[in-house]
Each structure stands twice: as structure tokens, then as C-alpha cells.
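Visitor: I am new to this structure and would like a close look at a single part of it. Please start from what is enclosed and work outwards.

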Amino acid sequence: MKLYAILTLILFLTMLFVPLFSLLGKTQSTNAPAVSQSSTAEQTSEQSEKTTGAETEAGTQKQTNAEESTSAAKISGDKIAVLRASSGKVENVGLHGYVVCCVACEMPYSYNEEALKAQAVVSYTYALYQMKSGNEKSDISDDPSVHQAYKSYDELKEKWGGDYEKYIAKYEKAVSAVEGSYLTYGGELIKPPYFAMSSGMTNSAEDVWGVRTDWLVSVSSDSDKLSPSVRSTFEFSEKELIKCLSDYKIKEISIGIPELSASGYVKSIEISSNKFSGDQLRQLLSLRSGNFTVEKSGDLYVFNCMGYGHGVGMSQYGANAMAKLGSSYKEILSHYYPGTQLSE
């Protein structure tokens, strides 16, 4: 009888606590993080003509920066902390609005919708990467020389005036069509660089930043050569060159024969016993491209450039040309970031 009573008590306690443990387990699962959040561009003459910080860092990161497989944050619900360069203040901006406004700043309204979709995926991927790797105060800067260009809806309205409703509707449509899609390589989030236009071939990350990156290799972008602004010329007196290169204590200019990459960009060039990469000179001299030739004309040094930007990743002009010929945004992304996958 005593044994029966003990067994009855055990059965009662089991019936009482098993559902409780089950409930606790469900509560813990619900409260666990649903996603692992992670997170240039140059503009053509039709728009802002600025360059992003992708030129100095994007594409050089190793995939160890994305330690675990990443599933995207739901774009409509999350916010990104944007450092406004002009004020020094940080604004928490909804991701959807951020991507819409970023694409509006980075790619002209006149571009094909499939090109805008490709830009939306790239800008969103870039933002996710920054959300994972940004500093304590902010995730990303609106300074295109650091990260991506960005203006608020109100700022765009002031800029576009009466065209605002028409313009913003096109960008909203493109972003909404690919909402939540982002790029990965080997299951890990990437930080995708982009630029305005190439000289007919894009550059590899290895040639520009010295880090081999499987999905940032040189690919064809022939249509870029058809752009009316693909060529540009910059002239410097010897005094001006010395001033631009003042950190190198140069007193007299002498320029050697450049070493070119397979894609035609200047891989290295010697100036007055100092060795520079083509992209270093692009930034130091404010050239449009690291693909250039140099000639002496009288008292001037003439730099003849092809393309616009660092040349790594997606050519925005090339993306638009592909879209005009019928390529989808997926085909554009696959071409300029070979081997990557489109995830949601």
C-alpha cells in the first residue's frame, strides 16, 4: 500500500512538471535571436560622382569576419545607425528607408529597373555587413568616401522638388521587389564594393587591395567603353604634383614606366623613387580612375584616365547596360560577383 502511494505521488509530480518544462523550453526558443545581423561606390556624371569607402576596405575582408552563416534581418523591421557626416550626429534609420534613399543617392533615376534592383541588393548587403562590424556609436557613415551615400526622404524631397513623388516611387518599387535579398559566398555574408564604370574590364581585389578574394576577380564590362564620360584628363604642373605628394617629401618629379594589371589598370608606378599603386594615385591626385597613362606635355604632366572608380566589384554603368539588353538583376549580380549566392 505504501509503495502504491509513492508511485501515485511520482506520477502526479511527472504530470505536473513535464508541461511546465515544455513551456519554459518554448519561451527560451522564442526569445533567442532570430537572425545573425551583419552587415563603393562611385557615381556617374548623371548623379553625385562620389566614391565610397569600399575602395579602401570592401573586398579586402576575409570571410572570417562573418563567423557564422548569416540569415538576413527582415528589412522592414530593423534599424541601422547612420552617422551623418555633416552634423556628426547618429540617426537610427529603418532599413527599408535606408536602402531606398541609399540607392537613390548611388544610382541615377534614369537607370533600368533591373540595375536598380541589383544596386538595392548590393546596398542592403553592404548595410547588413556594417551592422555586424560597425563601431559602438554607429553602423555606417553617410559619407560616400567612407561607406555609402545617403540622404533622408526629406532631403531628397528638397533636392528633387516637383519630381520627388515620381522619382521616389521608382526607387521604392525596385527596393521592394528584392526586399530582404542579400549576397553571400560559401554561406557567409560579403561586403560588396561597387563603382561607376570600368575601362572595359573590372579590377580584381588582389590587384587593388592586395588580398585575393574569389568573388572579386576581373570580369568583362565592355559596354563601359561606350560611356561618353569613360575618358577623362587631368593636368598637373610639377609644383602641383609635389604638393599632392607632399607626404613623400618629393623635391623633383620623375615618373617611371607603370606596371599594369591584366585588366589594364596601373598595378604600380614609381614616382621620384617612391612606388605607388594606381589606386593610391587615383586618391592622392583625385583622378577618376586607377587606369591611366602619363605623358609630359610642355611643363605639364598629363594623366589620361579610363573609367571611373576603383574598378572592383559591380560597374554601375555596366549593370545598367546589361539590364537594357535584357539581363535580370540576378544575372547582373552573378556576373560582377562570380560564385556568390543570393540569399533571403
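Guide: What follows begins with the nonpolar core and then turns to the strands and loops.

The model is predicted, so local features need pLDDT of at least 70 and side-chain atom pairs count only at pLDDT 80 or more, whereas totals for chains, interfaces and linings use all residues. Residues are numbered from 1 along each chain as its sequence is written, and side-chain values use heavy atoms, with hydrogens and water left out.

The largest nonpolar core (buried Ala, Val, Leu, Ile, Met, Phe, Trp, Tyr and Cys residues joined through side-chain atoms within 4.5 Å) has 65 residues, and those with the most contacts inside it are Ile80, Tyr98, Met314 and Tyr337. Helix α3 gives the most to this core, with 12 residues. Helices here are DSSP runs of H or I with at least four residues, strands are runs of E with at least two, and both are numbered from the N terminus. A second, separate core of 16 residues includes Leu245, Ile271, Leu285 and Leu287.

Helix α3 covers residues 113-133, and two of its residues can be followed in detail. Ala118 lies in this helix and is buried, with a relative accessible area of 0%; buried means under 20%, exposed over 50% and partly exposed in between, with a 1.4 Å probe and protein chains only. Although Ala118 and Ile332 are 214 residues apart in sequence, their C-alpha atoms are 6.8 Å apart in space. Apart from neighbours within four places in sequence, Ala118 is in contact (heavy atoms within 4.5 Å) with Met314, Tyr329, Ile332 and Leu333, and Met314 is one of the residues with the most contacts inside the largest core.

Glu114 also belongs to α3 and counts as buried because its relative accessible area is 18%. With neighbours within four places again left aside, Glu114 touches Ala323, Ser327, Ser328, Tyr329 and Ile332. A polar atom of the Glu114 side chain lies 2.8 Å from the backbone nitrogen of Tyr329.

Tyr98, another of the residues with the most contacts in the largest core, is among the buried residues of helix α2, as are Leu95 and Glu106. This helix, residues 95-106, has 12 residues and reaches 16 Å from its first C-alpha to its last, close to the 16 Å expected, where the expected span is 1.5 Å times one less than the number of residues. Since 12 of the 12 residues of α2 are buried, the helix is largely enclosed by the rest of the structure.

Ile80 leads from this core towards the strands. Beyond its neighbours within four places in sequence, Ile80 is in contact with Glu91, Asn92, Val93, Leu95, Tyr98, Ala127, Met131, Asp139 and Ile140. Strand β1 (residues 79-83) pairs with strand β2 (residues 90-94) in the antiparallel sense over five bridges, and pairing here requires at least two bridges found by DSSP. Within this pair, Lys79 stands opposite Gly94 in β2. The two strands form a hairpin with six residues between them, and in the turn Gly88 has a positive phi of about 80°.

Three further strands make an open sheet in the order β7-β12-β11, with antiparallel pairing. The edges are β7 (231-237) and β11, each with a single partner strand, so one side of each is left without a neighbour in the sheet. From one strand to the next the twist averages 20°, with angles taken from 0 to 180 degrees between N-to-C directions of axes fitted to C-alpha atoms. Seven bridges join β7 to strand β12 (residues 300-306), and Thr233 stands opposite Asn304 in β12.

Some exposed positions complete the view. Lys243 lies in helix α7 (residues 238-244) and counts as exposed because its relative accessibility is 67%; its C-alpha is separated by 9.8 Å from that of Leu285, 42 residues apart along the chain. In the loop between β9 (266-271) and β10 (274-276), Ser273 is exposed at 68% relative accessibility and has a phi near 70°, a positive value in a residue other than glycine. Ser286, in the loop between α8 (278-284) and β11 (292-297), likewise has a positive phi, near 55°, and is exposed, with a relative accessible area of 55%.

Key: Polar contact = N/O pair within 3.5 Å; in protein donor to acceptor, adjacent residues only side chain to side chain.
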